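Reader: Could you walk me through the ligand site in this entry? I would like to start with the surroundings of the ligand.

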Amino acid sequence: MPKAELHIHIEGSLEPELIFALAERNGVQLAYSSVEALRAAYAFSDLQSFLDIYYAGASVLLQEQDFYDMTAAYLARAQADHVRHAEIFFDPQTHTARGVPIEYVINGIHRACVDSPVSASLILCFLRHLSEDDAIATLEQALPHRDKFIGVGLDSSEVGNPPEKFARVFSRCRDLGLHLVAHAGEEGPPSYIETALDVLQVERIDHGVRCLEDPALTRRLAAMRMPLTVCPLSNIKLRVFDQMQDHNLLQLLDAGLVATVNSDDPAYFGGYMNDNFVAAFDSLPLGLQHAYQLSRNSFEAAFLPQEEKQRYLDEVDAYFAAFNVV
Ligand code: ADE
Ligand code: ZN
């Protein structure tokens, strides 16, 4: 089915084969002897155990062409999965801290987006384990490239780094007319979702699955049609839920929430968009009507002009009409 992807960290699309190819191209020494040895290390106990390997993998990205190649590979996979539109996260601080110029990062990723038949836009994420001053300095470095990204987000180690730590930088981004999103309620408590809404004034919550622990918050999110970018395979690999049968995607939809399905870090979590849909639909009592809702939600939640959204929604309706769903 046609769909939008709204939660994909481009550094998380770096497949082990490409990590080794880029390491060789750039003369970077890796801590793993082979693609198989690296892949074998992808057994995570929580978010932090994943992030440690994810930042190590990104160390092979040095030249603008590396960022281009990574992004082009992701977009080809997305196209094969009938992703019509992608809003792609990138983590500039992961690269600038290693001395990579921010223009290599932004220009490489952006050029691959321009060259792709998939509609794609970029969301610059601040690393929440670093200081707000570091985030502000990163925003300043990125501003000469303001035309190449549509919004900002907040990712990395959630617990202990609540949204309100980034109140000033998000306020500045709001004044600049940037779209605002934040990871909240992945490992962190429902109160982080609340402060993402009230302090940061975000337009989407990334993950947000822990909202169901707070019924009043759940009702609020549903009433305001606040989208949640849910990532089923990620939630299993990072032990947010023990197994897919325990995932709360159906409860989120039943609560009237604008939930979407996304891949998060597809090279690390066992798959791209369609793999996430197949895994969730295999394990949960989800049917055609849910697929239709998830497809519609993905375009409703996208940062697209209304007429473009409507064109995609019409395509979704036409697709599902063939199954007598609409
Ligand atoms: N960075 C990449 N993937 C992430 C996730 N699932 N949560 C927080 N930060 C991330
Ligand atoms: Zn994420």
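Reader: Which residues surround ligand 1?

Author: Happy to help! This is a predicted model, where local features need pLDDT of at least 70, side-chain atom pairs count only at pLDDT 80 or more, and totals for chains, interfaces and linings use all residues. Residues are numbered from 1 along each chain as its sequence is written, chains are lettered from A and ligands numbered from 1 in the order written, and side-chain values use heavy atoms, without hydrogens and water. Counting residues with a heavy atom within 4 Å, the shell is His9, Leu47, Phe50, Leu51, Tyr54, Asp155, Ser156, His183, Glu186, His207, Asp264 and Asp265.

Reader: Which side chain has an N or O atom 2.7 Å from a nitrogen atom of ligand 1?

Author: Polar contacts here are pairs of N or O atoms within 3.5 Å. The backbone of Ser156 has an N or O atom 2.8 Å from a ligand nitrogen, and the side chain of Glu186 also has one at 2.8 Å. The 2.7 Å distance belongs to the side chain of Asp264.

Reader: Which helix gives the most to the shell around ligand 1?

Author: Helices are DSSP runs of H or I with at least four residues, numbered from the N terminus. The helix in question spans residues 47-57 and supplies four residues of the shell. That is α3.

Reader: What is the volume of the largest cavity?

Author: A cavity is a set of points on a 1 Å grid over the protein atoms alone where a 1.4 Å probe fits but cannot get out. Volume is the space filled by probe spheres set on those points, joined across faces, edges and corners. For the largest cavity it comes to about 110 Å³.

Notes
A polar contact is a pair of N or O atoms within 3.5 Å; within protein, one must be able to donate a hydrogen and the other to accept it, and residues adjacent in sequence count only if both atoms are side-chain atoms. Helices (H or I, at least four residues) and strands (E, at least two) are DSSP runs, numbered from the N terminus. On a 1 Å grid over the protein atoms alone, a cavity is a set of points where a 1.4 Å probe fits but cannot get out, and a pocket is an open set with protein on both sides within 12 Å along at least five of seven lines; lining residues have an atom within 4 Å of a point.
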